[in-house]
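Biologist: Please show me the structure, and then let me ask how each label was arrived at.

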Amino acid sequence: MSSLIKSAKITQLSLKYNPVLVTAVRNHWNKDYKPGPYPRTEEEKLKAAERYGLHPSEYKLYPNDGTGWGDYPKLPEVGADSKDPYYPWDNPELKRNFNEPMHAEFDLMREDRYNVSARLRYSLRTQWLQFLGVMFGTFGIYCIFEKFKMFHPLVPRQYPIDGKKHYTFETE
Amino acid sequence: MGAAFGYFPESGFNLYFRPEVTPGPDEEPTFDPCLGFENGRKERVMVATEEQMRSAKIPPSERDYCAHHLLKFMACRKENWPWVVNCEHEKHVYATCKYDDYVIRMKEYERERRLRVREQKNKEIEAA
């Protein structure tokens, strides 16, 4: 029992001297969730690239148009489905390596979401042509045959009503 | 299926391109039914009576010259239910009657068409 109380005390002490551990719980936010301000100078750029663990040549920025991405790097759009499944990823579930920067829209490009970089079997132009070809082709055939309504070459059904007489093709 | 892709489309094209000699699907025969039959034709006989059909609740669309076979077939089904396969004979008789009816209507249509063609030809000869 005393050991249990001791361990609780250790937890309390560690939280007291490392308040950052409870920041996320208490405030639902910490400063590292937010990218830094948009880098203006070359020096700031280099600093930001280092912060995100990128080579300066790989470090590209989102336009500073008020969307709020700040200095967050604009990474190439590669969906998780397009990544090599046989590469020994550190984190195979997400196909991601340790400390690899995440794309800003990472939550939309996972394996269970949309594959932004899919290589299409047929180009979008071909697909549209196929779709419109089928649709307008079918409509064209419909328009043509709308004029030529086929029917069973028969006289209407014969009923013995209203004193009407009908005949077989046998002679008397 | 075979008929639908065989001679059915032709009826549509004929009606569009030669409406003067092609009877439409809803047109009754216009010529004298006994034209060309020296001794006349046998009349079709209605066996089932109005009372029978009314009591059996036969829908108006089925009150044609095969109604008496339909009456027998439905009566047999009612007696044998659920072993309706016992009524295969009645069913076959009814289907044969319907088939013959179809053939008569087909022949009647073709007769009407040929008489129209003949009339057209006669007109052309007169005009010439």
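Modeller: What follows is a set of questions and answers on a predicted model.

Biologist: What are the elements of chain A and chain B?

Modeller: Chain A has 4 helices and 1 strand, in the order α-α-α-α-β from the N terminus. Chain B has 5 helices and 1 strand, and its order from the N terminus is α-α-β-α-α-α.

Biologist: Why is Lys95(A) called buried?

Modeller: A residue counts as buried if 20 or more other C-beta atoms lie within 10 Å of its own. Lys95(A) has 20 other C-beta atoms within 10 Å, so it is buried. This residue is in the loop between helix 3 (42–51) and helix 4 (124–145) of chain A. Its phi is near 50 degrees, a positive value in a residue other than glycine.

Biologist: How do you know that Lys57(B) is exposed?

Modeller: The cut-off for exposed is 12 or fewer other C-beta atoms within 10 Å. Lys57(B) has 7, so it is exposed. Its place is in the loop between helix 3 (50–55) and helix 4 of chain B. Lys57(B) also has a positive phi, about 55 degrees, although it is not a glycine.

Biologist: How many of the residues in each chain count as buried?

Modeller: In chain B, buried residues make up 15% of the 128 residues. In chain A, 6% of the 172 residues count as buried.

Biologist: What makes strand 1 of chain A lie largely in the open?

Modeller: Of its 5 residues, the number buried is 0, so strand 1 of chain A lies largely in the open.

Biologist: How do you know that strand 1 of chain A and strand 1 of chain B pair?

Modeller: Two strands pair if at least two bridges are found between them. Strand 1 (residues 167–171) of chain A and strand 1 of chain B have 2 bridges, in the antiparallel sense. The requirement of at least two is therefore met. Thr171(A) stands opposite Arg41(B), and Tyr167(A) stands opposite Glu43(B).

Biologist: Which parts of chain B touch chain A?

Modeller: In total, 29 residues of chain B are in contact with 22 residues of chain A. The elements of chain B that give two or more residues to this side are helix 2 (8–17), strand 1 (41–43) and helix 5 (88–127). Helix 5 of chain B gives the most, with 7 residues. By class, the side of chain B that touches chain A has 13 nonpolar, 4 polar and 12 charged residues.

Biologist: What makes up the largest nonpolar core?

Modeller: A nonpolar core is a set of buried residues of certain nonpolar kinds, joined through C-beta atoms within 7 Å. The largest one has 9 residues: Ala48(B), Tyr65(B), Cys66(B), Ala67(B), Leu70(B), Leu71(B), Phe73(B), Cys87(B) and Tyr94(B). Helix 4 of chain B supplies the largest share of this core, 4 residues.

Biologist: Which residues of helix 4 of chain B are buried?

Modeller: They are Ala67(B), His69(B), Leu70(B), Leu71(B) and Phe73(B). The kinds of residue allowed in a nonpolar core do not include His. The buried residues of helix 4 of chain B pack against helix 3 and helix 5 of chain B.

Biologist: With which residues is Cys66(B) in contact, leaving aside its neighbours within four places in sequence?

Modeller: Cys66(B) is in contact with Tyr94(B), Cys97(B), Lys98(B) and Asp101(B).

Biologist: What is the span of helix 4 of chain B, set against the expected one?

Modeller: Helix 4 of chain B has 14 residues and reaches 20 Å from its first C-alpha to its last. That is close to the 20 Å expected at 1.5 Å a residue.

Biologist: What joins Trp81(B) and Pro82(B)?

Modeller: The two are joined by a cis peptide bond, with omega about 0 degrees. Pro82(B) is found in the loop between helix 4 (67–80) and helix 5 of chain B.

Biologist: Where does the annotation "transmembrane region" come from, and which residues does it cover?

Modeller: It comes from UniProt, in an unreviewed entry, and covers residues 128–145 of chain A. Such annotations may be inferred rather than shown by experiment. In the model, residues 128–145 of chain A are 100% helix and 0% strand, with the end C-alpha atoms 25 Å apart.

Notes. Residues are numbered from 1 along each chain as its sequence is written. Chains are lettered from A and ligands numbered from 1 in the order in which they are written. This is a predicted model: local features need pLDDT of at least 70, side-chain atom pairs count only at pLDDT 80 or more; totals for chains, interfaces and linings use all residues. Two residues are in contact if their C-beta atoms, placed from the backbone, lie within 7 Å. Ala, Val, Leu, Ile, Met, Phe, Trp, Tyr, Cys and Pro count as nonpolar, Asp, Glu, Lys and Arg as charged, and the others, Gly among them, as polar. The expected span of a helix is 1.5 Å times one less than its number of residues.
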